[in-house]
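User: I should like to learn how to read the structure of a protein built from two chains. Could you guide me through it step by step?

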Protein chains: 2
Amino acid sequence: MNLEAKTVRQFFRAAFLGLMIVSVPAAAFADAKGKREPVENFLLDNGMEVVVIPDHRAPIVTHMVWYKVGSADEPPGKSGIAHFFEHLMFKGTTNHKPGEFDAAVAAIGGSENAFTSYDYTTYHETIPPDALGTMMALEADRMRNLILTDAVIGPERDVVLEERRSRIEGDPESLLSEEVQATLYQNHPYRVPVIGWMHEMEKLNRDDAVAFYNQYYRPNNAVLVVAGDVEADQVRKLAEETYGKVARGPDLPPRIRPTEPEQNTGRTVTMVDARVTIPSFAKYWLAPSYRTAEPGEAEALDLLSEILGGGTRSRLYQQLVVKDGIAAGSGAYYDGTALDETSFTVYGSPRGSDGLQKLENEVDAEIARVQRDGIGADELEKAKNRLVRSMVFAQDSPSSLANMYGSALTTGSTVKDVQAWPDRIKSVTADQVKAVAVKYLKPHQSVTAYLLPSQETSN
Amino acid sequence: MNLEAKTVRQFFRAAFLGLMIVSVPAAAFADAKGKREPVENFLLDNGMEVVVIPDHRAPIVTHMVWYKVGSADEPPGKSGIAHFFEHLMFKGTTNHKPGEFDAAVAAIGGSENAFTSYDYTTYHETIPPDALGTMMALEADRMRNLILTDAVIGPERDVVLEERRSRIEGDPESLLSEEVQATLYQNHPYRVPVIGWMHEMEKLNRDDAVAFYNQYYRPNNAVLVVAGDVEADQVRKLAEETYGKVARGPDLPPRIRPTEPEQNTGRTVTMVDARVTIPSFAKYWLAPSYRTAEPGEAEALDLLSEILGGGTRSRLYQQLVVKDGIAAGSGAYYDGTALDETSFTVYGSPRGSDGLQKLENEVDAEIARVQRDGIGADELEKAKNRLVRSMVFAQDSPSSLANMYGSALTTGSTVKDVQAWPDRIKSVTADQVKAVAVKYLKPHQSVTAYLLPSQETSN
């Protein structure tokens, strides 16, 4: 069991390790690898949404419940409650003693995981097909029957506090990433870390947990995604017998969060720390998500990210790592799968311990080149192929398919949006890519993060 | 009538104009200029607090009502409602048609004003003593009897939107100041501008106004301060006949706002604008207020600010403007009169159009000198005298006296705190001043603002 606060924008570490970052938009496409059964999408009577993605290549099923609540839905001052609650979901219920859930999943030969993001909280298990009914019964049970006493809350709060200590406080990159978010977002709750701020986590209590549970853990706020060796009719029947028995909760208000004011400044955030060995930078701009963008813009941003810095064939990598040899790593990143305004990022670290400023200037120059000259037909075509192909690869596993639909459906997209995505990518023009670069990557309105070894003077 | 959003930290403009900034802490002292009648402080039966400051030197009375609500108490997404509501308070009531309030104040020979800050909203009038009863009746009337229809709300919203356009949007310094606050504060609502963000102000409506009025405009959330040619008994009698008739409202929850997480980065905020003629910088650190500080720390910060940059005798001014001649202006500022964590600021603008970086380095060096060598006994003594004397001057006018008590009482201080302030200042040691400089002005944890002409490259 890996209880993980998946901070979708916490790419920083990956950037420094020189990993390629694969953009995973809210999308997939049908019929890419031969004939597939159609994806089924329906509602139970109590409002729970169900997505079934049949895939009979292997006798395995991915079962996921996605709640439409993440850290960005937390009340002010209660940061961390969404992730803390994810932990509490593994405690005892009125029907199952503490530990029984894990034991039951293990007994049926399954594996389980959970994660919390800004916009959703997800519980997923990979199981043999014949255990699906059992799994659903267990998952439906903990949707409403958790026992939330102080004796349960206290020790688990210590666990999440320790998680923050070890994963964030001990890691300069993570600490910097938090302050970048808090600087990039002046109003929207994406500025608050998913795991929560220590001083607020310490005060989370039973009342907070109960209020959160009662408000958000309801069938009418959940999406069930089942992918793998199943049939839609069978899933529907089992879902009705398990989740279908859970009473609908009160209607939830629309997820309308405070939005960003107009921003007019360039900002920097600098972390100087003895634990840092090589300097690096990352530059962030606010950018629309698939849900908030004008038609075609999010797709164009995905392509811009791919062309500029989506991997080893990208402009930044080819120019700065391969040709000039001034960068150990450099790339770009766009996360369009967000309910609200998201960000576009470029990053780099120099080869050797200096040259950070020169590298940043070269990255800026590469962006300016796209803004001035646009992109070529051939590189656009290749980038489209790479993006579309990444979705083909994603279809190879039921769990990545389920992830794709689940994240899309909890961030404002529909099953149809997911299925139409490859066509939408294919129809983006070079002018559209240039236009979003000009519109969103404004030179004086970015937030630049610097991670510097102690001996360096600040930038 | 000057309906003003007094943003207490919006000192930026003053800094550029080379004005001295007089620190006005939540304080005064009694008996500084001969025998005075004691300040009286009592509660009405409905919970309204009353402060009477008799001062018979002139036949004039300052009448102020302070509500313990400011922009930092606004719900997320409703920025600007506190200041907008201040405007609405000048509309008609069930007893007085629109315009009657202003006409009545004019008829009794008075003058009026109102302002909104992060922590309080204040209505004040200066009137002849015999009009006090009339004034109180008018002010008590609008505490509960406002008529808040869409016909009233709509046009006044246009007025505050226009106020924002002309005072903030048209002014690079104000825009920069807003983004500095939003960067300095990552969690606390001081990051939101008092006047509100345009996109949220545009949506403020009747429901917001009514909810705000009903929650906060109650006698048990208000402080009446009357200073000038009055006696306490007379004020009490008139207050009971007017404010005393207003029903107590529901108890308000404690004013506990989200607080700042630990901050570990240095940040910059840069505004490049064609309207800027000379470059300037200001550097901000989070610092405790009189309410949140450890004993003696806020007083030491007041003295540090005075010594470092409190006027033409300060270190920064003497060294950088007078001796070195590299600065057109430079100073420091600390605003201790805040309910929550506040800020300490240094600022400067070079003589001529370049030299900004050199000036910033020199200001940093001056701070480092205090942190390393501390301050001298003589300069401490002189700074104490200047601060205490500024309070003597403040006592010369009933309105500044009333301001002092009102702002103190709405930010967590008491009448006794105000009166003991000079003694607390006098007891600060040089070591305490050095200690707060070390503790709060950390080199890598500040936010530095740069205001640059368009032709400059960003810092």
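Analyst: The following dialogue treats the relation of the chains, their contact, the sheet, the domains and the helix packing. Please note that this is a predicted model.

User: How are chain A and chain B related to each other, in terms of a turn and a shift?

Analyst: The general idea is that two copies of a chain are related by a rotation about an axis and a shift along it. In this model, a turn of 180° and a shift of 0.0 Å along the axis lay chain B on chain A with an RMSD of 0.0 Å. That is the relation of a two-fold axis. The two copies also use the same surface, since 100% of the contact residues of chain B recur in chain A.

User: How many residues take part in the contact between the chains?

Analyst: On chain B there are 29 residues in contact with 29 residues of chain A. On the side of chain B that touches chain A, the elements giving two or more residues are α6 (172–184), α7 (198–201) and β8 (266–273) of chain B. The largest share of that side comes from β8(B), with seven residues. By class, the residues of the side of chain B that touches chain A are 11 nonpolar, 14 polar and four charged.

User: In which sense does strand β8 of chain A pair with β8(B)?

Analyst: As a general matter, strands of a sheet pair through backbone hydrogen bonds, either parallel or antiparallel. Here, β8 (residues 266–273) of chain A and β8(B) pair in the antiparallel sense, over five bridges. Two positions help to locate the pairing. T268(A) stands opposite T268(B) in β8(B), and G266(A) stands opposite T270(B) in β8(B).

User: What is the order of the strands in the open sheet?

Analyst: The open sheet is formed by 10 strands, in the order β10(A)-β11(A)-β9(A)-β12(A)-β8(A)-β8(B)-β12(B)-β9(B)-β11(B)-β10(B), and its pairing is mixed. The edge strands are β10 (327–334) of chain A and β10 (327–334) of chain B, each of which pairs on one side only. Neighbouring strands of this sheet are turned against each other by 15° on average, direction ignored.

User: Which helices pack on the sheet?

Analyst: In chain A, helix α10 (residues 297–309) packs on the sheet and touches β9 (280–287), β10 and β11 (342–350) of chain A. The direction of α10(A) makes about 175° with that of β10(A). In chain B, α10(B) packs on the sheet, touching β9 (280–287), β10 and β11 (342–350) of chain B, and its direction makes about 175° with that of β10(B).

User: How should I read the angle between α10(A) and helix α11 of chain A?

Analyst: An angle under 35 degrees counts as roughly parallel. The axes of α10(A) and helix α11 (residues 315–323) of chain A cross at roughly 20° and come within 3 Å. Therefore α10(A) and α11(A) are roughly parallel to each other. The contact is made by I307(A), L308(A) and G309(A) of α10(A) together with R315(A), L316(A) and Y317(A) of α11(A). The residues of this contact divide into four nonpolar, one polar and one charged.

User: How are helices α2 and α8 of chain A placed, parallel or perpendicular?

Analyst: For comparison with the limits, 65 to 115 degrees counts as roughly perpendicular. Helix α2 (residues 81–88) and helix α8 (residues 206–216) of chain A pack at an angle of about 85°, with their axes 10 Å apart. Therefore α2(A) and α8(A) are roughly perpendicular to each other. From α2(A), I81(A), F85(A) and L88(A) meet D208(A), A209(A), F212(A) and Y213(A) in α8(A). The contact of α2(A) with α8(A) has six nonpolar residues, no polar and one charged.

User: Finally, what domains does the domain assignment of chain A give?

Analyst: The assignment gives domain 1 (2–245) and domain 2 (267–453) of chain A. Taken over C-alpha atoms, the centres of these two domains of chain A are 26 Å apart. Their contact takes 50 residues from domain 1 and 59 residues from domain 2 of chain A. On the side of domain 1 that touches domain 2, α6(A) gives the most, with eight residues. The residues of that side of domain 1 of chain A divide into 33 nonpolar, nine polar and eight charged.

Key: Residues are numbered from 1 along each chain as its sequence is written. Chains are lettered from A and ligands numbered from 1 in the order in which they are written. This is a predicted model: local features need pLDDT of at least 70, side-chain atom pairs count only at pLDDT 80 or more; totals for chains, interfaces and linings use all residues. Two residues are in contact if their C-beta atoms, placed from the backbone, lie within 7 Å. Helices (H or I, at least four residues) and strands (E, at least two) are DSSP runs, numbered from the N terminus. Ala, Val, Leu, Ile, Met, Phe, Trp, Tyr, Cys and Pro count as nonpolar, Asp, Glu, Lys and Arg as charged, and the others, Gly among them, as polar. Two strands pair if DSSP finds at least two bridges between them. Copies are superposed by least squares on the C-alpha atoms of residues with pLDDT of at least 70 in both. Axes are lines fitted to C-alpha atoms, for helices over the stretch in contact, and angles run from 0 to 180 degrees between N-to-C directions. Angles under 35 degrees count as roughly parallel, over 145 as roughly antiparallel, 65 to 115 as roughly perpendicular and the rest as oblique. Domain bounds come from an automatic or database domain assignment.
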